[in-house]
Amino acid sequence: MPSHREGSPFGASLKDNRASLKDRDKAWYFLPMLLGLTLLAGACGGGGGPQQHTFNILIKDGKPVGGSTTFRVKQDDTVTFNISSDTGGEAHLHGYDLVKEMAPGETVAISFTANVTGRFLIQIEETEMELGYLEVNPR
Ligand SMILES: [Cu+2]
């Protein structure tokens, strides 16, 4: 009788074996899924730590090539502006009040941690030419 066998100790241990095998199978599916989610989160930068940004600003005839640009970062990101001008002058990032003298044809770097949120003008000091804005959004 099948019902009699089911009640036996042998039948019970067979059932347990099947159950634990199933759990192990589940674990093997779960592991790559978890890995995939972790990679996805890293790629999107969602909830991650501070990031590093490098922006290039090229100035020709006293004007930014491509026009004024808004550079968007998140608070506590590390930012580097590489600025080069064919005519030279002083680059000024307002708010953070960072100033760099540019020699004609040379690239200067302005590096800092964007710890203050807001929208800050970047300009050539002498001519007040607008190069763009740094936008620091809360993390
Ligand atoms: Cu200024």
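**Exercise 1. A pair of residues between two strands**

In E8, which residue is the bridge partner of Ala-91, and how do strand E5 and strand E8 pair?

*Solution.* In this predicted model, Ala-91 has Ile-124 in E8 as its bridge partner. The next step is to look at the strands themselves: strand E5 covers residues 89-93 and strand E8 covers residues 118-124, and the two pair in the antiparallel sense over 3 bridges. A further pair can then be located, since Leu-93 stands opposite Ile-122 in E8.

**Exercise 2. From E8 to its hairpin partner**

Over how many bridges do E8 and strand E9 pair, and which residue takes a positive phi in the hairpin of E8 and E9?

*Solution.* Begin with the pairing: E8 and strand E9, residues 129-137, pair in the antiparallel sense over 7 bridges. Within this pairing, Phe-120 stands opposite Leu-134 in E9. Turning to the connection, the hairpin has 4 residues between the strands, and Glu-128 takes a positive phi near 60°.

**Exercise 3. The sheet of 5 strands**

In what order do the 5 strands of the open sheet stand, and why is one side of strand E3 and of strand E6 left without a neighbour?

*Solution.* The order is E3-E9-E8-E5-E6, and the pairing in this open sheet is mixed. Strand E3 (69-74) and strand E6 (98-102) stand at the edges and have a single partner strand each, so one side of each lacks a neighbour in the sheet. From one strand to the next, the twist averages 15°.

**Exercise 4. The sheet of 4 strands**

Which strands are the edge strands of the open sheet of 4 strands, and how does strand E1 run relative to strand E4?

*Solution.* First write down the order, which is E2-E1-E4-E7 with mixed pairing. The edge strands are E2 and strand E7 (107-113), each of which pairs on one side only. Next, go through the neighbours one by one:

- E1 (residues 52-60) and E4 (residues 78-85) run parallel and are joined by 8 bridges, and Leu-58 stands opposite Ser-84 in E4.
- E4 and E7 run antiparallel and are joined by 7 bridges, and here Ser-84 stands opposite Thr-107 in E7.
- E1 and strand E2 (residues 63-64) pair in the antiparallel sense over 2 bridges, and Lys-60 stands opposite Lys-63 in E2.

Finally, consider the turn: E1 and E2 form a hairpin with 2 residues between them, where Asp-61 has a positive phi of about 55°.

**Exercise 5. A glycine in a loop**

Where is Gly-66 found, and does Gly-66 count as buried or exposed?

*Solution.* Gly-66 is found in the loop between E2 and E3. A residue counts as exposed if 12 or fewer other C-beta atoms lie within 10 Å of its own. Gly-66 has 10 C-beta neighbours inside 10 Å and therefore counts as exposed. Its position can also be compared with that of Leu-131: the two residues are 65 residues apart in sequence, while their C-alpha atoms are 9.7 Å apart in space.

**Exercise 6. The chain as a whole**

How many helices and strands does the protein chain have, and what percentage of its residues count as buried?

*Solution.* The protein chain has 2 helices and 9 strands, and from the N terminus on its elements run α-α-β-β-β-β-β-β-β-β-β. Of its 139 residues, 17% count as buried. As a last step, take the contacts with a separation of 6 or more: residues 24 or more positions apart account for 59% of them.

Definitions and conventions: Residues are numbered from 1 along each chain as its sequence is written. This is a predicted model: local features need pLDDT of at least 70, side-chain atom pairs count only at pLDDT 80 or more; totals for chains, interfaces and linings use all residues. Two strands pair if DSSP finds at least two bridges between them. Axes are lines fitted to C-alpha atoms, for helices over the stretch in contact, and angles run from 0 to 180 degrees between N-to-C directions. A residue is buried if 20 or more other C-beta atoms lie within 10 Å of its own, exposed if 12 or fewer, and partly exposed in between; C-beta atoms are placed from the backbone. Two residues are in contact if their C-beta atoms, placed from the backbone, lie within 7 Å.
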